[in-house]
Amino acid sequence: MAKRLKLLVFSISKSKKLDRILNAQKSSACPTVAFFYITNNGSVNVRKSGDYISKMIEMAGGRYILSENAGDENALSTTNMQMEAFYAAACDADILIYNTTVDDEMYTLDDLLQKSELMEDFKAVRNGNVWRMGGSMFQQTTGLADLLVDLHSVITGEADTGNRLTFLSRVE
Amino acid sequence: MPDKSRYALGYVLLIILLFALLAVSTVTGSVSLGELLSQKDQYTAEQIIKGIRLPRLIAAALLGGALSVSGFLLQTFFNNPIAGPFVLGISSGAKLTVALSMIFFLGRGIKISSAGLIFAAFAGSMLCMGLILLISGRVRSMSLLIICGVMIGYICSAITDFAVTFADDSNIVNLHNWSMGSFSGTGWGDVRTMALVVPAAVICAFLLSKPMGAYQLGETYAANMGVNVRRFRITLILLSGLLSACVTAFAGPISFVGVAAPHLIKSLFKTARPIVIIPACFLGGAVFCLFCDLIARTLLAPTELSISSVTAVFGAPIVIWLMLKRRKGAAK
């Protein structure tokens, strides 16, 4: 009984948070977001446009900037794209989110620039709007709600006003 | 056709092909020329060409040339047209030591420098070369030597896979991507290192053309001509190992270029004289790899094929043809 009650309280608290985000007015000029990591041979692993992370970025009030480039022709959730295609598509992205759940060797902007010097041309790098997604998000079935809250905080700028984030942290 | 005219024609053809491929590759890619020209920000278009494509193309040309010359040196050493760094398992040895170094250093958060990667690859290729030399002392049949080389390659790949099984997730992803072979991710810093190592080694090989020509006629003949055969053989092996190690360190294992390119060049020039063939092999390898790289990065753009898959598609049939031709020659 106690476990059921806990589960109910947990679900209500999560759904309240999510309702606020999902019912929020979307800005017409929503910030553009790229979610990626750079592989060891210099290509860039990105989420496909139909993937749930890409959809969550849009639910959180952003626009996934790679939706046109990262195809959706098979069941895979990610694809490796060439750096030049990524550079052309995401150079003007407002927010970059680096997926460190696979490549965890990225803590600072210097680490990012070591992976590719070209990253210094990216608008988000120049504006200090680079985030890393770490932790065990993909292993937590209840983590999606927290990630959506994190994405919303980052996209709306609430993360700068002291909102605590669960999976995202700013790369400095 | 007189030999000199054929050589001149061959060189002109290779140089034209090299520059044509460089030009086509510069304006072709996952971002098309039209898209580049229509970029609002001209700086983006410039960066794609200067910062991404040019270093990659130079790397493909330098490393393709290096592989081809490395293959030619091995073919001279073993007096076998099918010998090459990939076929003899030397590239797999380099792959093994680079993989082990990556697991060891990256696991401790230490980034390996270009020089470190070359050193690791060189150690691996020398290890396999040592094994091949040991076997070659006991085995007279060249086909058996090749089979032993292939087996050594399998052993190295098996040990690499074994090490990868117990590596971290991130290392597994990194090693998997690297072992596919690719020229992508090459920056100007890498090109500078390659430009120091590869031309120096190729020039050294070219300077050995005369003793190499004598060695092609047999060890006894070379010794009678005043060649210090032992020292010459060691130099040949070191140069070949250094060239193939450099390729593996920067681009991962690339198959069949070391066999296919020298063979095509020898067929084009109708000679195996090192003084003619070494520079031509370098140009031929560069052309072959530039062509394969162009296919690798444009066929399924914006994603990319592994360079080794493309070189195998074009290179392996040449090796089969070579083996059949050799068998036919032996039967006669």
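1. Let's start at a loop in chain B. B:Gly29 sits between helix H1 (3–27) and helix H2 (33–37) of that chain. Please keep in mind as you read that this is a predicted model. Is B:Gly29 buried or exposed? B:Gly29 counts as buried, because it has 24 C-beta neighbours inside 10 Å, and the cut-off for that label is 20 or more.

2. What does B:Gly29 touch, once residues up to four places away in sequence are set aside? Its contacts are A:Glu84, B:Arg53, B:Arg297, B:Thr298 and B:Ala301, so the list takes in a residue of chain A as well as residues of chain B. For a sense of scale, B:Phe78 is 49 residues away from B:Gly29 along the chain, and their C-alpha atoms are separated by 40 Å.

3. One of those contacts, B:Arg53, brings us to helix H3 of chain B. A kink of about 35° lies at B:Arg53 in H3(B), and the proline B:Pro55 follows shortly after. From its first C-alpha to its last, the 37-residue helix reaches 53 Å, which is close to the 54 Å expected at 1.5 Å a residue. You may like to look at the kink and the span together on screen.

4. H3(B) is also mostly covered, with 26 of its 37 residues buried. Just after the helix comes B:Asn79, whose phi is positive, at about 50°.

5. Next, the contact between the chains. How many residues does each chain bring to it? Chain B gives 30 residues and chain A gives 24. On the side of chain B that touches chain A, helix H3 (42–78) and helix H7 (169–179) each supply at least two residues. Sorted by class, that side of chain B has 15 polar, nine nonpolar and six charged residues.

6. The nonpolar cores are worth a look too. The largest has 95 residues, and B:Leu63, B:Val69 and B:Cys246 are those with the most contacts inside it. Leaving out neighbours within four places in sequence, B:Leu63 is in contact with B:Met194, B:Val247, B:Phe250, B:Ala251 and B:Cys289. A second core, separate from that one, has 48 residues and includes A:Phe36, A:Ile38, A:Ala60 and A:Phe167.

7. Turning to chain A, there are six helices and seven strands. In order from the N terminus, its elements read α-β-β-α-β-β-α-β-α-α-β-α-β. Of its 172 residues, 43% count as buried. If you take the contacts in chain A between residues at least 6 apart in sequence, 71% of them join residues at least 24 apart.

8. Why is strand S5 (residues 95–99) of chain A largely enclosed by the rest of the structure? Five of its five residues are buried, so the strand is covered in that sense. A:Ile95, A:Ile97 and A:Asn99 point one way from S5(A), while A:Leu96 and A:Tyr98 point the other way, and all are buried.

9. S5(A) has paired strands to follow as well. Strand S1 (residues 32–38) of chain A runs parallel to S5(A) and is joined to it by four bridges, with A:Ala34 standing opposite A:Leu96. Strand S6 (residues 130–133) of chain A also pairs with S5(A) in the parallel sense, over four bridges. In that pairing, A:Leu96 stands opposite A:Val130. A:Leu96 is therefore a handy residue to centre the view on, as S5(A) is largely enclosed.

Technical notes. Residues are numbered from 1 along each chain as its sequence is written. Chains are lettered from A and ligands numbered from 1 in the order in which they are written. This is a predicted model: local features need pLDDT of at least 70, side-chain atom pairs count only at pLDDT 80 or more; totals for chains, interfaces and linings use all residues. A nonpolar core is a set of buried Ala, Val, Leu, Ile, Met, Phe, Trp, Tyr and Cys residues joined through C-beta atoms within 7 Å. A residue is buried if 20 or more other C-beta atoms lie within 10 Å of its own, exposed if 12 or fewer, and partly exposed in between; C-beta atoms are placed from the backbone. Two residues are in contact if their C-beta atoms, placed from the backbone, lie within 7 Å. Ala, Val, Leu, Ile, Met, Phe, Trp, Tyr, Cys and Pro count as nonpolar, Asp, Glu, Lys and Arg as charged, and the others, Gly among them, as polar. The expected span of a helix is 1.5 Å times one less than its number of residues. The bend at a residue is the angle between axes fitted to the seven residues ending there and the seven starting there. Two strands pair if DSSP finds at least two bridges between them.
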